[in-house]
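Here is a report on one protein chain, with the fold, its core and its charged pairs taken in turn. The sequence and structure come first.

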Amino acid sequence: MIVPLLFQIPFRTSAGDAGEISGLQSLMLVGELLVVTAYLLGAGALFYLAMKRDDKERRLITVLLGIIALMGAGVHLLSFLGDNISGELQLLLRLFYGVVALGVAILLFKAIPGLLAIPSQRQLEMTNARLREQIEEKERAQIALREHQQELEQRVHDRSAQLVAANRELEREVENRKSAEKQLIFKNYELVKKNADLDDFVYYASRDLKGPVLNVSGLVEAIREELPPHHQELNHLFARLDDSVSSIHRKLNNLAEVSRIQKPVDPGQLGMISFAQVLEEVKLRMPEVNWDTDVSLETDFSAAPEVFLSRDNLYSLLRNLISNSIKYREPQRPLRISLSSELQAKSLVLKVQDNGIGMDLSQYGQHLFSLFRRFHDHVEGSGVGLYIIKRIMDNNRGKVEVESTLGEGTTFLLYFVNHDQDTGERV
């Protein structure tokens with residue numbers, strides 16, 4: 001294309017062929033005019049496309065092609081004008097058009113990579129097909145998502161309905177429980193009142209019955225003095241009367257003790273009480289026991305000499321534990337009782353161990369601390385002592401453990417709350 005633009009020179013003929021040449025020139029001029037028109041229309045179409053394109057690469061290509069078309073139109077226009085333009089001017093214009101066309105061609109070659117990067121129609125169709133598939137897949141996913149969302153909404157609706165029903169049922173249950181709690185509080189109040197009345201009755205009855213029992217004992221002694229002293233049958237009868245009166249007296253004392261431990265302890269009576277001092281008091285109040293010959297009493301309170309308790313409660317604990325060991329001693333061997341104390345992580349432990357007859361805990365263990373329950377009938381007892389021990393320890397937030405082997409002896413472990421770590425209300 002560059003060579004024709006640079007070297008298209010009008011054909012000149014001799015004067016002898018003027019008629020024939022004139023006809024040929026007319027045809028050539030018409031052809032040149034048609035070519036110029038075609039180039040101009042092509043250039044106009046390319047510029048119009050460049051104005052309508054949005055992409056930079058194709059707009060550049062169409063503009064460059066339009067410029068080349070204009071250069072071609074300019075060259076053919078020079079041929080059409082012919083002798084109307086001087087030869088020097090034609091050469092200069094042809095040179096200008098050639099240089100411009102060459103520069104545009106170079107720019108066109110540089111724009112080829114950008115033009116190649118533009119996808120073809122087939123590529124666009126394939127891309128559009130993939131996009132349509134993606135759109136369809138996305139629509140299917142959206143449909144599935146909507147269905148799943150509707151399913152979730154239905155589940156939420158169903159679950160909400162279940163929760164509403166459960167809440168209503170719970171509200172009814174709460175109302176029923178409130179009603180039951182009110183009834184329970186009322187029943188507990190009545191029970192506490194009845195227990196208090198019963199404790200008062202037991203306390204006053206045991207206290208008031210002591211006088212008549214002592215009177216009966218005095219009358220029996222007075223009658224005995226009036227009767228012959230060496231009458232065997234009368235002596236046997238009075239011995240039985242003395243045993244009965246003593247038994248009634250002990251039972252009244254036990255009932256009074258049971259009633260006493262039910263009542264709250266005055267805080268002023270609580271304090272650090274010495275094991276050794278209270279044990280000496282217990283020994284003094286049990287004159288019937290020969291502590292030098294009948295019982296071997298071993299003590300070791302060096303680890304914890306004192307316990308935070310009321311003096312009366314500690315006295316009841318030690319007396320009942322020692323009395324229990326004495327009552328259930330083994331006749332074939334000397335009785336040995338060992339008392340010791342120790343400090344553990346959160347407890348002060350009192351250990352009382354004897355070598356008595358022992359007991360079968362697998363048979364009697366669950367009823368060991370029940371009131372008026374006795375497990376040996378060959379010795380005298382009321383079935384109250386162990387109950388008193390358990391109740392005192394429970395009231396003071398402690399506990400009792402028992403270890404026993406039949407024929408070897410019994411060990412009681414009393415766990416008191418360590419006053420240095422935990423103090424609280426005692427009853």
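The secondary structure of the chain comes to 11 helices and seven strands. The model is predicted. The chain has 427 residues, and 30% of them are buried. Its exposed surface is about 28,300 Å², with 58% supplied by carbon and sulfur atoms. Among contacts with a separation of 6 or more, 70% join residues 24 or more positions apart.

## The nonpolar core

The largest nonpolar core holds 37 residues. Within this core, Ile-326, Leu-414 and Phe-416 touch the most other members. Several elements each supply at least two residues: helix 8, strand 3, helix 9, strand 4, strand 5, helix 11, strand 6 and strand 7. Helix 9 gives the most, with seven residues.

What does Ile-326 touch, leaving out residues up to four places away in sequence? Its partners are Met-286, Val-289, Trp-291, Val-295, Leu-335 and Ile-337. Helix 9 spans residues 311-327.

## Helix 8

Helix 8 runs over residues 275-284. Its buried residues include Phe-275, Val-278, Leu-279 and Val-282. These residues sit on the same side of helix 8, because they cover an arc of only 105° around the axis. Strands and a helix are part of their cover. Among them are strand 1 (270-274), strand 2 (295-300) and strand 3 (306-310). Helix 9, strand 4 (335-343) and strand 5 (347-354) also belong to this cover.

The start of helix 8 has a polar feature too. There, a side-chain oxygen of Ser-274 comes within 3.4 Å of the backbone nitrogen of Ala-276.

## Salt bridges

How many salt bridges does a search of the whole structure find? It finds eight. Three of the pairs are set out here.

| Pair | Closest N to O distance |
|---|---|
| Glu-151 and Arg-155 | 2.9 Å |
| Glu-281 and Arg-311 | 3.5 Å |
| Lys-390 and Asp-394 | 2.7 Å |

Take the pair Glu-281 and Arg-311, which meet in a salt bridge at 3.5 Å. Glu-281 lies in helix 8 and Arg-311 in helix 9, so the pair ties together parts that are 30 residues apart in sequence. Glu-281 is partly exposed, at 21% relative accessible area. Arg-311 is also partly exposed, at 34%. The pair belongs to a network of salt bridges that links Glu-281, Arg-285 and Arg-311.

The other two pairs each sit within one helix. Glu-151 and Arg-155 are in helix 6 (residues 121-226). They are four residues apart, so about one helical turn separates them. Glu-151 counts as partly exposed, with 38% relative accessibility.

Lys-390 and Asp-394 are in helix 11. These two are likewise four residues apart, which means a separation of about one helical turn. Both ends of this bridge are partly exposed. Lys-390 has 26% relative accessibility, and Asp-394 has 36%.

## Thr-410 in strand 7

Thr-410 is found in strand 7, which covers residues 409-417. Is Thr-410 buried or exposed? Its relative accessible area is 5%, so Thr-410 counts as buried, the cut-off being under 20%.

A polar partner is present. The side chain of Thr-410 makes a polar contact with the side chain of Ser-404, at 2.9 Å. Which residues are in contact with Thr-410, once neighbours within four places in sequence are left aside? One set is Val-352, Gln-353, Asp-354, Gly-358 and Met-359. The others are Val-402, Glu-403 and Ser-404. Strand 5 spans 347-354, and strand 6 spans 399-405.

## A backbone detail at Arg-397

Where is Arg-397 placed? Arg-397 is in the loop between helix 11 and strand 6. Helix 11 covers residues 385-395. Arg-397 has a positive phi of about 60°, although it is not a glycine. With 36% relative accessibility, Arg-397 counts as partly exposed.

Notes: Residues numbered from 1 in each chain as written. Predicted model: local features only at pLDDT ≥ 70, side-chain atom pairs only at ≥ 80, totals over all residues. Heavy atoms only, no water. Buried < 20%, exposed > 50% of the residue type's maximum accessible area, 1.4 Å probe, protein only. Arc of directions from axis to C-beta. Contact = heavy atoms within 4.5 Å. Polar contact = N/O pair within 3.5 Å; in protein donor to acceptor, adjacent residues only side chain to side chain. Areas by Shrake-Rupley, 256 points an atom, 1.4 Å probe, with all protein chains shown as cover. Core = buried A, V, L, I, M, F, W, Y, C linked by side-chain atoms within 4.5 Å. Salt bridge = Lys/Arg side-chain N within 4 Å of Asp/Glu carboxyl O.
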